[in-house]
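User: I would like to go through the terms used for this model and see what each one rests on. Please set each value against its definition.

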Number of protein chains: 2
Amino acid sequence: MSYLKIISKDKKIEFKVGDTLLNILQDNGILAESPCGGNGTCGKCKIKIIEGSINEPTEEEVKHLYKEELEGDIRLSCLVIPTGDLTVELLNTKDVKHKILAEGYMPEFDINPVINKRVHKLTKPTLEKNFSYEELLEEALEIAIYEDDHMLLRSLPEIFENQEVTAIYAGEKFIGVEAGDTSCELYGIAVDIGTTTVVASLVDLNSGKEISSESEINPQKEYGLDVLSRIDFTRTKANGLELLQNSIIDCLNNLTSELCSKNSININNIYEMTIAANATMMHLLLGVNTNSIGKSPYSTVFSRQKKLLASSIGIKLSLFARVYCLPGVSSYIGADIVAGSVVSELDKTDKNVLFIDIGTNGEIVLSKGGELSSCSCAAGPALEGMNISCGMRAAEGAIEGIKINEDGIRLKVIGNKEPVGICGSGILEGISEIVRAKLVGKTGRLKKKSDIEENDQLQYLSKYLIEEDRKRKICISSETKEISITQGDIRQVQLTKGAILSGFYALLDLLEIDMMDLNEVIIAGQFGKHLSVDSLVGSGIIPADLRGKIRYIGNSSKSGALMCLLSKEVREDMEKVAKKIQYFELSTKEGYDKLFTKCLNFN
Amino acid sequence: MSYLKIISKDKKIEFKVGDTLLNILQDNGILAESPCGGNGTCGKCKIKIIEGSINEPTEEEVKHLYKEELEGDIRLSCLVIPTGDLTVELLNTKDVKHKILAEGYMPEFDINPVINKRVHKLTKPTLEKNFSYEELLEEALEIAIYEDDHMLLRSLPEIFENQEVTAIYAGEKFIGVEAGDTSCELYGIAVDIGTTTVVASLVDLNSGKEISSESEINPQKEYGLDVLSRIDFTRTKANGLELLQNSIIDCLNNLTSELCSKNSININNIYEMTIAANATMMHLLLGVNTNSIGKSPYSTVFSRQKKLLASSIGIKLSLFARVYCLPGVSSYIGADIVAGSVVSELDKTDKNVLFIDIGTNGEIVLSKGGELSSCSCAAGPALEGMNISCGMRAAEGAIEGIKINEDGIRLKVIGNKEPVGICGSGILEGISEIVRAKLVGKTGRLKKKSDIEENDQLQYLSKYLIEEDRKRKICISSETKEISITQGDIRQVQLTKGAILSGFYALLDLLEIDMMDLNEVIIAGQFGKHLSVDSLVGSGIIPADLRGKIRYIGNSSKSGALMCLLSKEVREDMEKVAKKIQYFELSTKEGYDKLFTKCLNFN
């Protein structure tokens with residue numbers, strides 16, 4: 001027997017030599033992230049080896065890890081086979097006790113789903129006691145039936161062919177009934193509708209386990225890339241609102257049926273869908289006009305939670321299924337941000353915590369010892385690979401990492417393919433490295449080729465700099481296709497940085513908090529988690545002083561929806577937090593424009 | 001100036017010579033029934049002239065009135081032009097004070113519709129007070145909004161383009177909102193879904209006035225003439241239930257749009273539809289399986305009242321409109337009969353009152369000083385002109401009256417056309433006259449031609465009797481087509497009579513009421529009102545001793561739906577009465593078969 005020691009956990013694990021490190025960790029309840037299932041293809045199960053005897057790095061590890069990572073003893077745990085005692089440090093791992101999810105951080109909470117089932121025995125009508133099925137069901141259930149539900153009535157004849165029935169409740173409220181004992185089959189779906197991506201997780205409401213999750217590009221993209229262009233589409237196209245609503249409903253139905261078929265679950269056993277989304281996405285989902293969101297004073301039609309019959313908006317689940325739309329605050333602080341605030345427990349902390357969701361819009365919530373304030377800033381789509389000359393989504397062939405060192409420029413490409421473009425995390429790391437290498441000055445202007453050639457420390461980079469028609473760019477690849485970062489690209493990232501950083505400072509200023517008194521900076525978002533600390537700090541989006549205080553929580557919008565699916569109490573919290581968050585309109589803050597201009601500069 | 005005196009009313013009316021009697025009556029608030037609008041074509045505005053100077057009977061009056069009627073000074077008031085003082089007796093007239101309806105009896109009740117409107121002033125959002133429309137509406141209305149209603153949300157953007165809004169309430173519950181002050185536009189529709197006919201009345205909920213009514217043959221007829229054959233259709237045809245539901249929903253939508261276009265009323269200003277129907281029709285309306293109604297123990301899926309969003313079953317009215325389904329008792333005592341019982345105030349009487357709705361099924365409710373018992377009997381479709389050799393519906397060319405006197409057989413044909421068949425009231429009067437003329441004996445068997453020829457008192461009728469292949473029939477017309485009443489037709493009417501009369505006696509027996517202690521017999525039904533007292537008594541459906549106690553109330557199912565539309569209190573009554581009515585299954589009563597056989601005989 002050999003021993004595995006895990007730093008910071010004070011834990012010693014016994015293991016037999018021969019298995020992979022990932023398996024040893026998982027067998028002991030330590031869930032390292034491994035989306036590819038330990039096949040060595042995703043490069044996610046990174047771990048730091050402190051000491052011990054293991055195999056040499058494999059070919060796959062060389063592919064997936066930067067030179068610096070390999071030099072720093074970072075390895076992929078699925079490809080490490082310990083040959084004796086070993087000490088490691090966890091990097092991206094997750095603790096079973098702390099989490100129940102395969103993806104995204106969640107705080108601990110008691111599982112107490114709103115939707116629940118109870119099994120009852122039926123009495124059938126006779127000539128002597130000739131009651132209606134409805135009355136006999138009430139007698140069996142000992143409750144008064146919700147009287148407006150003809151869907152329920154339609155299901156009764158089949159029910160009364162059985163001796164047992166399973167009643168379905170939303171909290172204490174009876175919502176439907178099924179023949180026989182179906183208490184084991186109780187599922188829900190948690191959804192995050194992002195402007196760009198829609199994610200849906202199938203959850204077993206009995207065990208509280210997330211069974212699996214699926215995502216799709218938001219099909220509304222066809223009608224407009226961002227929120228404002230979609231609002232515009234509903235205004236200018238006759239049946240625009242209907243088109244947008246139908247496309248998101250279709251998307252949710254597709255995701256649901258995919259989840260069902262992949263996991264062999266009957267769609268009729270899904271009783272609730274909880275949905276987090278920004279205000280515009282939520283309005284479009286319910287077919288509600290979005291004009292007021294797009295023009296001053298930017299009001300919503302609704303912001304509070306909504307409980308609907310799923311079928312009423314065309315969502316296909318159980319006949320009785322409900323949709324719960326999480327509550328939002330305002331046009332620009334939607335249910336996605338309220339969800340993130342609850343997942344981050346912003347309302348429960350006695351510290352100063354700043355929460356940032358980085359997307360096309362950057363939303364910031366600042367907790368001053370539990371007191372919540374928020375603002376929204378137009379970050380622009382640069383960090384999603386949009387408005388960038390060689391920009392693309394994070395798909396195969398996208399450059400997702402760029403490092404500059406004495407050997408020149410080194411790339412990390414998704415899928416280890418020939419690079420075809422740069423995605424958001426790539427552009428941010430690229431700019432961050434360009435700043436670090438001093439290829440630009442404070443204003444973001446690329447240095448002249450002649451200046452670089454004359455500079456001993458920059459000389460080695462001069463071959464990458466191209467000057468054409470007085471325009472400069474950094475060519476980072478020219479294999480099958482020239483890929484470069486242009487002066488314009490740098491400006492786009494500066495605009496993003498300026499928007500987020502100025503929002504950040506403005507909110508600290510409004511709440512009279514000194515930056516040094518911030519205890520934590522939480523980075524949320526499916527997308528945000530791909531932006532490394534080095535990139536965020538290097539590009540100046542997050543001030544360097546906060547480097548050690550950054551924490552990633554992944555798609556907290558979806559995590560919040562999932563918590564609402566699993567806990568009545570969280571749902572109540574969600575509503576309380578939505579009411580608590582104060583919204584500040586940055587454009588009305590004195591001196592904001594000046595602050596924004598200042599924040600455009602690199603340090 | 002001349003004077004019109006009305007017998008039994010102690011009323012003297014001053015009038016100018018030259019106008020018709022109908023106009024004079026109507027000008028003075030006495031609503032004589034005149035469906036044709038005083039054109040002399042419907043023959044409904046009968047009146048008895050006691051004394052005075054008037055014009056001679058017109059050609060139209062000779063067409064529309066029996067010889068006996070003309071001899072008894074019965075005239076059509078729309079064709080009578082008084083030339084001086086006149087005394088008349090009202091026959092089919094209706095009193096304004098007592099009724100608000102153009103058709104069907106209703107007791108007095110206070111108008112207090114469930115649906116009501118209130119006008120409110122709105123505050124709009126500003127950058128400073130940037131509340132959602134939903135919250136601002138709540139503030140204006142001083143209520144919490146029903147939170148599951150996305151239809152409401154969809155309407156808010158348009159609402160907030162105005163300063164004023166009109167909120168719509170069902171009782172105290174807010175159900176919707178409209179831009180501007182629409183308080184004057186408040187309509188509802190009362191519906192009776194009969195197995196054969198569907199009637200819809202448009203009602204102004206502000207004034208309580210019935211504006212107009214439309215009817216259509218129930219389109220479900222295509223799939224089965226009676227309740228049982230429709231139940232069978234849903235069982236044997238894959239999408240049978242859906243077909244039947246869709247056809248009745250389409251019918252209601254057609255009637256609604258016809259009512260709207262004829263009266264220039266916007267469909268969006270109709271906020272409620274109240275519906276009375278038998279249990280099977282109600283189940284089909286809501287798309288609920290009817291199998292249990294068709295087989296022992298004949299239970300319903302539901303019997304109680306139902307309140308639905310109209311759109312949820314495809315009924316097109318205002319976005320916010322509700323459907324109220326009146327409560328029923330059991331499979332065979334439906335909401336139509338509960339409605340009739342309330343309209344007849346059976347629960348409020350301290351007398352013994354028998355209520356009969358004559359249709360394909362005969363339903364009987366007996367009030368013993370307010371205690372209510374009921375039974376149902378399979379009357380069969382004979383009185384609707386079905387299963388009769390020359391039977392037809394009450395349409396143009398149908399014989400609706402048959403008189404036998406010394407001149408032979410005299411007919412009354414709808415539309416004064418060549419006769420093409422016999423409708424229900426015609427066949428009943430025919431049989432009644434055949435019995436009176438002693439062409440049949442107690443058992444209903446037609447006398448031999450030889451016996452008639454030998455009988456001095458019957459001789460004059462022998463030319464009508466035809467004997468063919470040992471079968472006998474009475475030929476009542478041979479103009480363009482031979483029309484006769486066969487021995488089989490007489491048997492069909494006997495079965496109807498036997499079923500109703502035995503139900504009648506059985507219920508009296510169960511409640512231990514002597515027939516002579518009955519204070520009133522109420523004949524309900526669109527169809528029942530066409531059956532004259534003479535016919536009912538003459539055919540033996542109603543015992544002769546009750547001749548003076550018969551009262552007609554017309555389509556009390558529709559009247560009940562209308563009262564529910566206009567009065568919250570009546571609606572509550574409806575539910576109380578539904579719970580009060582006890583149902584007796586005749587087939588389980590000892591000695592019922594014997595009673596039935598006895599009741600087949602003519603007296």
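Analyst: A crossing of two helices is called right-handed if the near helix is turned clockwise from the far one by less than a right angle. In this predicted model, the crossing of α13(B) and α17(B) is right-handed.

User: What makes α13(B) oblique to α17(B)?

Analyst: Helix α13 (residues 487–510) of chain B packs against helix α17 (residues 592–600) of chain B at an angle of about 130 degrees, and their axes are 8 Å apart. Roughly perpendicular covers 65 to 115 degrees, and roughly antiparallel needs an angle over 145. An angle of about 130 degrees fits neither class, so α13(B) is oblique to α17(B).

User: Which residues make that contact, and of what class are they?

Analyst: From α13(B) come B:Q494, B:K497, B:G498, B:L501, B:S502, B:Y505 and B:A506, and from α17(B) come B:Y592, B:L595, B:F596, B:C599 and B:L600. By class, the contact of α13(B) with α17(B) has eight nonpolar, three polar and one charged residues.

User: Why is A:L411 called partly exposed?

Analyst: A residue counts as buried with 20 or more other C-beta atoms within 10 Å, and as exposed with 12 or fewer. A:L411 has 18 within 10 Å, and is therefore partly exposed.

User: Where does A:L411 lie, and what is A:L411 in contact with beyond its neighbours within four places in sequence?

Analyst: Strand β21 (residues 408–413) of chain A holds A:L411. Beyond those sequence neighbours, the contacts of A:L411 are A:I399, A:G401, A:I402, A:P419, A:I476 and A:S477.

User: How do you know that the two copies are related as by a two-fold rotation axis?

Analyst: A turn of 180 degrees with a shift of 0.1 Å along the axis lays chain A on chain B with an RMSD of 0.3 Å. The two copies are thus related as by a two-fold rotation axis. The same surface serves both copies, since 100% of the contact residues of chain A recur in chain B.

User: Which residue of chain A comes closest to the rotation axis?

Analyst: That is A:S312, whose C-alpha is at 4.1 Å from the rotation axis.

User: What makes up the side of chain A that touches chain B?

Analyst: In the contact between the chains, 38 residues of chain A meet 38 residues of chain B. On the chain A side, α4 (133–141), α5 (150–159), α9 (291–294) and β15 (306–309) each supply at least two residues. The largest share, five residues, comes from α5(A). By class, this side of chain A has 15 nonpolar, 15 polar and eight charged residues.

Conventions. Residues are numbered from 1 along each chain as its sequence is written. Chains are lettered from A and ligands numbered from 1 in the order in which they are written. This is a predicted model: local features need pLDDT of at least 70, side-chain atom pairs count only at pLDDT 80 or more; totals for chains, interfaces and linings use all residues. Copies are superposed by least squares on the C-alpha atoms of residues with pLDDT of at least 70 in both. Two residues are in contact if their C-beta atoms, placed from the backbone, lie within 7 Å. Helices (H or I, at least four residues) and strands (E, at least two) are DSSP runs, numbered from the N terminus. Axes are lines fitted to C-alpha atoms, for helices over the stretch in contact, and angles run from 0 to 180 degrees between N-to-C directions. Angles under 35 degrees count as roughly parallel, over 145 as roughly antiparallel, 65 to 115 as roughly perpendicular and the rest as oblique. Ala, Val, Leu, Ile, Met, Phe, Trp, Tyr, Cys and Pro count as nonpolar, Asp, Glu, Lys and Arg as charged, and the others, Gly among them, as polar.
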